[in-house]
Amino acid sequence: MENIRNFSIIAHIDHGKSTLADRLIQFTGVCNERNFQDQILDSMDIERERGITIKSNAISLPYHAHDGKDYILNLIDTPGHVDFSYEVSRSLASCEGVLLLVDAAQGVQAQTLANLYLALEHNLEIIPIINKIDLPSADIDRVLEEIDSELGLDPDTHIKCSAKEGVGIEEILEAIVERIPPPKGDAENPLAALIFDAHYDSFRGTIIHCRVFEGIVKSGDIIKFMYNGTTYKVEEVGHFLLTRTKRDKLSAGDVGYIIAGVKTVADVRTGDTITLQDRPCSQPLPGFKEVKPVVFASIYPIASDDYQDLADSLEKYKLNDASFIYEKDSSVALGQGFRCGFLGLLHLDIVQERLEREYDLSIILSVPSVRYRFTLKDNKVIYVDNPAHYPDPAEIAKGEEPYIRAAMMLPERYLGTVMKLCMEKRGVNSIMNYTGPGRVELSYEMPLAEVIFDFYDRFKSVTQGYGSFDYDIIDYRESTLVLMDILVNGEKVDALSQIVHRDRARSRGLNACDRLKDEIPRQMFKIAIQGAIGSEIIARSTISAFRKDVTAKCYGGDISRKRKLLEKQKAGKKRMKMIGSVSIPQSAFLAVLKSDTD
Amino acid sequence: MKDNLLKTPSSQSGLYIHIPFCKSKCGYCSFYSIKSLNPIPDFIDALQKEVKFYSKTFKSFDTVYFGGGTPSLLRPQQLETILKTVNKYYKIDPHSEITIEVNPGDVSLEYFKALHSIGINRLNIGVQSFDDQILKFLGRRHSASDALASMKDARNAGFANIGIDLIYGVQHQNIKSWEKTLQTAINLKPEHISCYQLSLAPKTPLYSTYEAGGIKLPSNKMQAKYFFNTSEILENAGYLHYEVSNFARKEYLKSKHNMKYWNHVPYLGLGPAAHSFLNNKRWWNKSAVASYIKDISQDKMPVEEQELLTPAQLQLETLFLGLRTSTGIDLKLYEKNYCTDLLEDKKSIIDTLIKNHLVEIGGDFLRPTQTGMAVADSLALI
Ligand SMILES: Nc1nc2c(ncn2[C@@H]2O[C@H](COP(=O)(O)OP(=O)(O)OP(=O)(O)O)[C@@H](O)[C@H]2O)c(=O)[nH]1
Ligand code: SF4
Ligand SMILES: [Mg+2]
């Protein structure tokens, strides 16, 4: 155990965590050059396509240090985006130290701080690393100053590095060995292993990712999940190299996996403690903080026959995404489904895409909502994150909505347009700081609902990609709220309903009608789309009928060709949801959140 | 569906014979034909052998249709030989409809007389237009006066059942000139008129020109206008608009042969690229004269591909074919074949379509309105 080191790489998004992991992997020779690819730990297609890390990834690196001894360095690469911070906090529970990366050009950013605090909560050794020193815009002195003043860390402990060019790698490896303490714990004690992640493998079933704190686990052992007391026989244990690699045992200090033929997916809970049935530990390890979703939406199968399939898939998906929560829900328009909570809009987007890709599901997502708070006339306080549960307006004494503090960094030249955007989004109490020549830090308090509604895309576009944006939820504030419904051909589509600020209702309604008009393909008959508050119609648009068909010659009995064409079109229609007699494509449900300005 | 056997209204099968030769290719045409006429004798030999192949599968026909290509490139004797062989192996109903497609440029009074004498009783003349500029644009070999002359000759030769084909939505044409063409056609009093909208199939010369921006097609709105005006004009002139593109002067003058395609009645297609249908099976021959002749000379069926239609596929076909005809879908038959009640199954969408005057229910039939016919393919996707 003396020669094990467990550590995570943490930073703000894009500061180079995965690239540094690449260099460490290459330096220690775990991967031969032929199989190497950039950001090798970002193994999901969706991570590679978007160039961001979504899941934490563990890998064990063998390292022969300058002290002449051999070490096993268990590295966990973490995501930087705020929506995936739950991944970071769980990874840290398996570690004794972190590499805290700071981009030499961008300096300390919101998630640098947030992740630092997570590391401090876990009492971890922190090694500050200034990355991207190769950049011409690198400003090392400024970053050192920030490490001191903003992070409160000793700037003398930093290491300079360029993950891209492989500068400083050996120094980092030596620092890991020297400065991060070896894991504590005792292999002789009863087993206590913390489940920090899991995934479902169609051949092996549930694969548990865990950190062993005490004791030993090996194949043949009967393990017990402390949360519900179920027991399973261990089939295999091992380490994560680039692939799963079987080992005889995992002992105190190790990070690895356990396969135990777990059939009931729900038995495996992230944060639970695994022990041995015949020699249990006295109490479970401290688990994880509960996730607090901030964005909510319902998921429905496009074909109602697929409900069970969706239910099974969500269960398996949840194994691998502990920050995703869901419960049963049903909609008049869309049938049986699930109400889901997400840590943010990116998270929501990723969940939808992963469900479709990894489980081959066709799903509809309802319009996302934040969680509102209502005080009723009888003084009861209720939280509503689903427009379907909007209380009877006559009973409402007070409505409140969540506010965030938005932190934005941007070049000064965009200041005017960004401030205008923030004001349009009901932003208040602005604070502005010049952080360097030509750069400003701008902060506003805004309703979270406004951020969900097309803020991020517009912010990106007005700052031409040079701005960064981050937020924290601060509190609930009173607001005049109404429920806006959307009617398609006179039929209410409950999944399109939104809770909105009274002053916004009309423009939101018009926008939704317009957007839907673009998204819903022309059909054989005229379609009326209306926005309504109660029985009052506040917006409308119409889609005129589709009138074109070919009256070409159907040649010599060649009916098959034409049928194949129609079959293709029909398959296309399958990705749409029939509401009454109108087919509404998936995209329509998210489109109502976009404004016309982009 | 019981035994996978489709029940159909009329029982007699149809015979289609593809004559895959054209002196030149028209710019819009995607039908299979070759320009060399040399293989014609070998082709006729092969065709006669192919006729025999199916004498166990099919017993009798009450329609025979020579299509192409250009069947009028065959001499009457050659057509007679083919018909004789057909008669030898199958029972041909004495009241059969026996049609040949002819090209106005290739025919004469004598030729028509000869056709009549060998038992052909229906002509389909590929007029396409009465406007020389348009004929040239389409790449047709004949002129408007050829078309007028052929019509006259055909009548004089004794043909009492003549259909003509016309194309609309063509460059150089506008609604006015199209209506003039229609009027000319009406004056000739053909028993049957087919009006096809020009559609550009990939791999045709006109399509390439279109892709390169060389020609324009009328807008959706104009196409609809062509369609509705055509229907109105011909109906006013006493024609029944009985299928999306087809008009007949009387109920009994509808194309019996083509109706089989639309009603899932079995048909046998002989010759290269010809399609056949029986029960739930559809198959088609290779689109190559040489391999067709070679296969048959080796006693092999020259079949390119066959497919077994699933009930769902048959159902879709029933919908899109039925909704192309003024008769519509026979609901009783539909239920018998697919064990499901169409009106119940698709109640809400059909109600909407009825409300929007796209379909109507008459007796046991669900049929398209005139507007519905214009979007028949989309209707089938309900
Ligand atoms: N110039 C330079 N670019 C770097 C360096 N390290 C990383 N990058 C680039 O920065 C971008 C982001 O790198 P990643 O390693 O994916 O960043 P990350 O921190 O893992 O990002 P997330 O996982 O999404 O939070 C990529 O384009 C890298 O090539 C460096 O030392 N110098
Ligand atoms: S004559 Fe008929 S088959 Fe021949 S190329 Fe012209 S349109 Fe096609
Ligand atoms: Mg990364």
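Let me start with helix H7 of chain A, residues 307-320, which in this predicted model lies across strand E7 (192-201) and strand E8 (205-214) of chain A, and which runs at about 135° to E7(A). Those two strands belong to an open sheet of eight strands in chain A, and if you follow the sheet across, the order is E11-E10-E16-E7-E8-E15-E12-E13, with antiparallel pairing. At the edges of this sheet you will find strand E11 (231-233) and strand E13 (244-247) of chain A, each of which pairs on one side only, and from one strand to the next the twist averages 40°. Towards the E13 edge, strand E12 of chain A, residues 236-240, runs antiparallel to E13(A) and is joined to it by four bridges; if you want a pair to click on, A:Phe240 stands opposite A:Arg244 in E13(A).

Staying in chain A, there is another open sheet, made of four strands in the order E18-E19-E17-E20, and its pairing is antiparallel. Why is one side of strand E18 and of strand E20 left without a neighbour in the sheet? Strand E18 (325-331) and strand E20 (363-365) of chain A stand at the edges and have a single partner strand each, so there is nothing beside them in the sheet on the other side. The twist in this sheet averages 30° from one strand to the next. E18(A) and strand E19 of chain A, residues 335-342, pair over seven bridges in the antiparallel sense, and one of the residue pairs to look for is A:Ser331 with its bridge partner A:Gly335 in E19(A). Here too a helix lies across the strands: helix H8 of chain A, residues 345-359, lies across strand E17 (295-301), E19 and E20 of chain A, and its direction is at about 170° to that of E20(A).

Further along chain A, please look at the hairpin of strands E30 and E31. Strand E30 (residues 527-533) and strand E31 (residues 536-543) of chain A pair in the antiparallel sense over seven bridges, and within that pairing A:Ile529 has A:Ser541 in E31(A) as its bridge partner. The hairpin has two residues between the strands, and A:Gly534 takes a positive phi there, near 60°.

That brings me to two backbone details that I would check by eye. A:Arg426 is a residue other than glycine with a positive phi, near 65°, and A:Arg426 sits in the loop between helix H9 (415-424) and strand E24 (428-436) of chain A. In chain B, the peptide bond from B:Gly68 to B:Gly69 is cis, with omega near 15°, and B:Gly69 lies in the loop between strand E2 (60-68) and helix H2 (76-89) of chain B.

Now for the charged pairs, and then the interface. Over all chains, the salt bridges come to 50 by the rule used here. One of them joins the side chains of A:Arg90 and A:Glu87, at 3.3 Å from N to O. How far apart are A:Arg90 and A:Glu87 along helix H3 of chain A? Helix H3 covers residues 85-92, and the two are three residues apart in it, which means that about one helical turn separates them.

Between the chains, the rule finds three salt bridges across the interface of chain B and chain A. Among them is the one that A:Arg563 forms with B:Glu317, where the closest N and O atoms are 2.7 Å apart. Helix H11 of chain B, residues 311-322, gives the largest share of the side of chain B that touches chain A, namely five residues. Taken by class, that side of chain B has 25 nonpolar, 14 polar and seven charged residues.

As for the extent of the interface, the contact takes 46 residues from chain B and 27 residues from chain A. The size of an interface is often expressed as the accessible area that is lost when the parts come together. Between chain B and chain A the buried area is about 3500 Å², and carbon and sulfur atoms give 59% of it. Finally, five residue pairs are in polar contact between chain B and chain A, counting pairs in which both residues are at pLDDT 80 or more.

Note on methods
Residues are numbered from 1 along each chain as its sequence is written. Chains are lettered from A and ligands numbered from 1 in the order in which they are written. This is a predicted model: local features need pLDDT of at least 70, side-chain atom pairs count only at pLDDT 80 or more; totals for chains, interfaces and linings use all residues. Side-chain values use heavy atoms; hydrogens and water are left out. Contact means heavy atoms within 4.5 Å. Buried area is the accessible area (1.4 Å probe) that two parts lose on being put together, summed over both. A salt bridge is a side-chain nitrogen of Lys or Arg within 4 Å of a carboxyl oxygen of Asp or Glu. A polar contact is a pair of N or O atoms within 3.5 Å; within protein, one must be able to donate a hydrogen and the other to accept it, and residues adjacent in sequence count only if both atoms are side-chain atoms. Ala, Val, Leu, Ile, Met, Phe, Trp, Tyr, Cys and Pro count as nonpolar, Asp, Glu, Lys and Arg as charged, and the others, Gly among them, as polar. Two strands pair if DSSP finds at least two bridges between them. Axes are lines fitted to C-alpha atoms, for helices over the stretch in contact, and angles run from 0 to 180 degrees between N-to-C directions.
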